[in-house]
Amino acid sequence: MADSTDHFDVDLSNCDREPIHQLGAIQPFGFLLALSTDWLVQRASTNVVDFFGIPAEEMLGTHAADHLGISTVHTLRNRLTLLRGLDAVERVFGYELPGKGKRYDFAVHVSGRSVIVEAEPCVEETQPDTASTIRAMISRLDATTDEKSFLHEGARQVRALTGFDRVMVYRFDADGSGTVAAESARAGIGSFLDLRYPASDIPEQARQLYLRTPFRIIADVDAVPAPVYPRLDERGNPIDLSLSVLRSVSPIHIEYLKNMGVRASMSISIVIEGKLWGLFACHHYDGPRLPGFERRSIAELFGQMFALKLEGRERKAMAGYENNARAASDRLLAAIAGDSTLLENPDWLGSMLHDTVPNDGIAIWMDGRVAQDGLTPPAGELRTIVRRLNAMAAGRIYATDHLAATIPTAQAYDDVAAGVLAIPISRTPRDYVLLFRQEKIRTVTWAGDPQKPASYGPHGARLTPRQSFEAWSQEVRGRSEPFSEAELRVAEMLRISLIEIILRITDEAQEERRRAAERQDLLIAELNHRVRNILALIRGLLRQSREPGEYHPALNMLDGRIQSLARAHDQITKDNWSPAPLGVLIETEAAAYLGGKSDRVEVAGPDVLLQPQAFTTLALVFHELMTNSAKYGALSDSGRVTVDWRFDMDGDLRIEWRERGGPPVRPPSREGFGSTIINRSIPYDLGGEARVRYELIGLEVDLCVPARHVSEHRHPKPVVVQTAPPIFADGTEQKLLLSGAALLVEDSLIIAMDAEDILLRLGAARVATAATVAQALAEIDRDTFEIALLDVNLGQESSLPIAERLAERGVPFMFTTGYGEQMQRIEQHKDVVVVNKPYDLTGISAAVGKVLRK
């Protein structure tokens, strides 16, 4: 550090937080002055005495022109006016200081309230023709045919320009680690090509500085830094040297370079789309290396041109992929729009999506049902994956090449499904298309063991950088081929399109479902009436068949079974012959048999629904178990019964019946009808399993109901009802309901275009369209509107602030939505008219008429 009072003990446990932009010192091959806005010296590097013969403390408070000369200060002031952006630095080359007889190169930038001026002596070297040099370098890049040769040529050009022993193109990965993707080196010093370096080698704050200052030179690792005096300003703050050309170097990084045998280094950032793609990393071994400032500036310019060319190549490759993927997805979506059942066909959907986003297996999760094809996790695990997705990425695509890092149980099947791309296909966090990729076992060659990046060294009890950079191989397991940025963009496009199609299909099917529901209600009502009459008739026949006062066990047992069927029938017909809860079945049977003592039967398990066939079968089974327990088992004495259930790995329902505290149990001497029902009805009727064990301490029964008969309990959600039919002026002509401007807030361009056409047909003079809250508020401030249509959900935003602004100005508005339950949250606007998507002339005209009372 620059000063013993600057308290930050640096080691590899905290080097990612080391304030490397506030080290308070510079490299001594130049000097630094921090000037006030009127160009008085506020701070100076202590080595100014070597350049001016004046100690730093005596220079404070003097005018910069006294030292740099009036002409130089005038030029630097003019260059300050050219600065654009917070991180801009201007350069001036070849200016002579008064009485020195030597030319200097300058860099000037603004840091806080100070003007930072840095200077270094001009290096006596042949100055290149900048324009011709850059033109020649770029033409050689353009002549390359693929990315590998492009990167190699870039390294070769930088080495030729700067004269360093080794120049590498270092590419960052998503986790911060990096790989030497290309290299140009002098003979005899070995190769680092394809070696990988851990993220700790270039900490996060260093990567941030590489974004801000795309060029960095370390001229001599053995040079003693020159502190900046005073270390702290009048507010107690150290100087911020983030943009400094001469900024000194972290002691950790100096040790790192020395351990590699490097005497000087240089780096040029490769920035693509505002992100740090990688670096030109330059190493020199024979001694210090300091190319002239002007030559270094040419290298920096080349780095920027290189990044632009690389970005263009990557975009061209991505555009080709995305165009092909878009064509494939268009075919897929057109097919689904014509036949919605294809969306539940994993074989067909997987084959179509494979050309769009390559995968090894596909699973479709819709309304708790799952369909799978190819290499996928077990069905029971898919429920775990979906729940985790709902908790962390609901409504957004999610991709990982290491599923076990998110779901630890995924290690059990990472050989077939190590990575996943999840595409949500409903507005609520419920339905997904899951694309899986199998494990890709590969060998990664590191520059030293990444698990041992530090050891105790010669600097006392603190960690020092690793000293071995020999190639170290590691076999990587449990990871798939990563999903690329282009694949994620295509997946997002598919997500939006699939949701729109599903919503459209849902809306078109809504009326048919309503009519079908009405017919079903009539049929079920008639069925209930007939079944109840038949059961009542049978029970009457049984009762009438007995003599007065006669006790007949068989008839009583049959009567109980009929009553059990009747109770089951009541449950499954209560909600239009739909699945009914397992817990209710058991509790109903217990209450019917035990009355006020039904609490002696304890139940535990998740909320599950049984299909009608399974519900009826299990009703008979549990009736027999209750009857036997009350006659011979735990319920005949003071014992208890516990009933637990759970889902297994395959999604089947496992039920456990346990009796404890009753009389000793003995196996029956023969199998009666009740035992036959328990043992055989589930295997025979449902294709499941039933195992009965007559343990001495109590009866134990294990039942298995296949997954196709079971679903998770889902509570019904309110649905927004479509508004009334449209208003017509006469039998054939649509009434013009609008005359002024209309505001349309919608985040999907295609949907917005449909709605805009409808508003214009209704008479709107013009339609202002906005996709975000900010755009909409700007439109409201700019113009006056007759009416507004607001999409409730705008991706990451809500349209509620727009509604508030419109309400303040008295502008009538209505909400539009693709999913009704969202409206339940808008309590303050519960009386606002709501229109369901997809838009049509009928719905919007009716809503406009209602809002404007026309």
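In this predicted model, a good place to start is a polar link: a polar atom of the S269 side chain sits 2.7 Å from the backbone oxygen of Y210. S269 belongs to strand β12, and it counts as buried because its relative accessibility is 5%, where the cut-off is under 20%. Leaving out residues up to four places away in sequence, the residues that S269 touches are Y210, T213, P214, L276, G278 and L279. Y210 thus turns up both as the owner of that backbone oxygen and in the list of residues touched by S269.

Stepping back to the whole chain, there are 854 residues, and buried ones make up 48% of them. The secondary structure adds up to 20 helices and 37 strands. Among contacts with a separation of 6 or more, 66% are between residues 24 or more positions apart. About 40900 Å² of the protein chain is exposed, with carbon and sulfur atoms supplying 52% of that area.

One sheet can be followed strand by strand. It is an open sheet of 7 strands, and its order reads β1-β11-β3-β2-β6-β5-β4, with antiparallel pairing. At the edges are β1 (25-26) and β4 (90-96), each of which pairs on one side only. Two helices pack on this sheet. Helix α4 (residues 70-80) touches β4, β5 (103-111) and β6 (114-121), and its direction makes about 165° with that of β4. Helix α9, spanning residues 293-338, also packs there, touching β4, β5 and β6, with an angle of about 160° between its direction and that of β4. In general, the strands of a sheet pair through backbone hydrogen bonds, in either a parallel or an antiparallel way.

At the β1 edge, the partner is strand β11 (residues 226-229); the two are antiparallel and share 2 bridges. Here A25 stands opposite P227 of β11. A little further along the chain comes a cis peptide bond, from Y229 to P230, with omega near -10°. P230 itself is in the loop between β11 and α8 (251-259).

Next comes the nonpolar interior. The largest nonpolar core has 40 residues, and those with the most contacts inside it are L151, V169, I270, F280, F302, F306 and L310. Helix α9 gives the largest share of this core, 6 residues. So α9 appears twice in this picture, as a helix packed on the sheet and as a contributor to the core. V169 shows how the core is knitted together: neighbours within four places in sequence aside, V169 is in contact with L151, A155, T179, V180, A181, A182, I270, W277, L279 and F280. A second core, separate from this one, has 35 residues, including V643, F647, I655 and L699. Nonpolar side chains do tend to be buried together in soluble globular proteins.

Several loops and turns have backbone angles worth a look. D194, in the loop between β8 (178-185) and β9 (196-197), has a positive phi, near 70°, without being a glycine. D194 counts as exposed because its relative accessibility is 51%, against a cut-off of over 50%. E273 is another non-glycine residue with a positive phi, in this case about 55°. The loop that holds E273 runs between β12 (264-272) and β13 (275-284), and with 52% relative accessibility E273 counts as exposed too. S269, in that same strand β12, is instead buried at 5%.

A174 is in the loop between β7 (166-172) and β8. Its relative accessibility is 91%, so A174 counts as exposed. How far apart in space are A174 and A199? The C-alpha atoms of A174 and A199 are 9.8 Å apart, while 25 residues separate the pair in sequence.

Finally, there is a hairpin made by β14 and β15, with 2 residues between the strands. Strand β14 (residues 361-366) and strand β15 (residues 369-374) run antiparallel and are joined by 6 bridges. One of the bridge pairs is M366 with R369 of β15. In the turn, D367 has a positive phi of about 50°.

Methods:
Residues numbered from 1 in each chain as written. Predicted model: local features only at pLDDT ≥ 70, side-chain atom pairs only at ≥ 80, totals over all residues. Heavy atoms only, no water. Pairing = 2+ DSSP bridges. Helix = DSSP H or I, 4+ residues; strand = E, 2+ residues; numbered from the N terminus. Contact = heavy atoms within 4.5 Å. Axes fitted to C-alpha atoms, helices over the stretch in contact; angles between N-to-C directions. Core = buried A, V, L, I, M, F, W, Y, C linked by side-chain atoms within 4.5 Å. Buried < 20%, exposed > 50% of the residue type's maximum accessible area, 1.4 Å probe, protein only. Polar contact = N/O pair within 3.5 Å; in protein donor to acceptor, adjacent residues only side chain to side chain. Areas by Shrake-Rupley, 256 points an atom, 1.4 Å probe, with all protein chains shown as cover.
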